[in-house]
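Subject: Structure for your review

Dear colleague,

Please find below the structure that I am handing over to you. My notes on it follow directly after.

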Amino acid sequence: MRPLLLVLAATALGGCHHHAAVVTDPPGASIATGDGLVVRGEQLEAASGLPSSHVVRVSAPGFEPADFEVRLGYRADPSLLLLLAGIVPYFFSARLDDAYRFSLRPLDG
C-alpha cells in the first residue's frame, strides 16, 4: 500500500502545468503561440502530456518576426525521485509468508 501512496504523491507533486521563463531581445517583444501553449506575462505555460513540439512567434516593431520551436519533453525532476523512493525499496522487501505447514507421510512398514 505504501508504494501506491508514494506514486500518487509523486504524481500530485509533479503538477498538471509546466512553466518556462521567456526572455526576448528586444525586451517586451510580443509572443504568439499556437495550440497547447499559453503566454502569461513573461512565462510560457503548457499542460502535462505526451512529448510535443510547438511554434512560438516572437515579434516587435522595427524587427523581423521569428518563429522558434518549443518542445514539451520528458526530463528528470524531483517528482521522479519520489517515485523511485517508493518503487526501489519494494524490490528489497521480500519476506516470508506468515505461516507454513509441512506434513510428512509415514514410512510404509
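I begin with histidine 54, which counts as buried because its relative accessibility is 12%, below the limit of 20% that applies to buried residues. Please bear in mind throughout that this is a predicted model. Histidine 54 has its place in strand 5. Neighbours within four places in sequence aside, its contacts are with Asp35, Gly36, Leu37, Phe68, Glu69 and Val70.

Overall architecture

The protein chain holds 2 helices and 6 strands. Read from the N terminus, its elements follow the order α-β-β-β-β-β-β-α. Of the 109 residues in the chain, 15% are buried. The accessible surface of the chain amounts to about 9,400 Å², and carbon and sulfur atoms account for 61% of that area. Where contacts link residues at least 6 apart in sequence, 46% of them join residues at least 24 apart.

The sheet that contains strand 5

Strand 5 belongs to an open sheet of 3 strands, arranged in the order 2-5-6 with antiparallel pairing. The edges are taken by strand 2 (30-33) and strand 6 (66-72); each has a single partner strand, so one side of each lacks a neighbour in the sheet. From one strand to the next, the twist averages 30°.

Strand 5 covers residues 52-59 and pairs with strand 2 in the antiparallel sense over 4 bridges. Two of the residue pairs may help you to find the register: serine 30 has serine 59 as its bridge partner in strand 5, and isoleucine 31 is matched with valine 58. As a general point, side chains in a regular strand alternate between the two faces of the sheet.

Towards strand 6, strand 5 is joined by 7 bridges, and these two strands also run antiparallel. Here valine 55 has glutamate 69 in strand 6 as its bridge partner; glutamate 69 is also one of the residues in contact with histidine 54. Strand 5 and strand 6 form a hairpin, with 6 residues lying between them. In the turn, glycine 62 has a positive phi of about 85°.

The other sheet

A further open sheet of 3 strands has the order 1-4-3, again with antiparallel pairing. Strand 1 (17-21) and strand 3 (37-40) are its edge strands; since each has a single partner strand, one side of each is left without a neighbour in the sheet. The twist in this sheet averages 30° from one strand to the next. Strand 1 pairs with strand 4 (residues 43-47) in the antiparallel sense, over 5 bridges. Within this pairing, alanine 20 stands opposite leucine 44 of strand 4. Leu37, where strand 3 begins, is among the residues that histidine 54 contacts.

The surface around helix 2

Which residues make the nonpolar surface patch of about 870 Å²? The patch is formed by Leu80, Leu81, Leu84, Ile87, Val88, Tyr90, Phe91 and Phe92. One of these residues, tyrosine 90, lies in the segment that follows helix 2 (78-87). Tyrosine 90 counts as exposed because its relative accessible area is 54%, and the limit for exposed residues is over 50%. Histidine 54, in contrast, is buried at 12% relative accessibility.

With kind regards

Terms used: Residues are numbered from 1 along each chain as its sequence is written. This is a predicted model: local features need pLDDT of at least 70, side-chain atom pairs count only at pLDDT 80 or more; totals for chains, interfaces and linings use all residues. Side-chain values use heavy atoms; hydrogens and water are left out. Patches are made of residues with over 30% relative accessible area and no salt bridge: like charges are joined within 9 Å, nonpolar side chains (Val, Leu, Ile, Met, Phe, Trp, Tyr) within 5 Å. Accessible areas come from the Shrake-Rupley method with a 1.4 Å probe; for residues, only the protein chains shown count as cover. A salt bridge is a side-chain nitrogen of Lys or Arg within 4 Å of a carboxyl oxygen of Asp or Glu. Buried means under 20% relative accessible area, exposed over 50%, partly exposed in between (1.4 Å probe, protein chains only). Two strands pair if DSSP finds at least two bridges between them. Axes are lines fitted to C-alpha atoms, for helices over the stretch in contact, and angles run from 0 to 180 degrees between N-to-C directions. Contact means heavy atoms within 4.5 Å.
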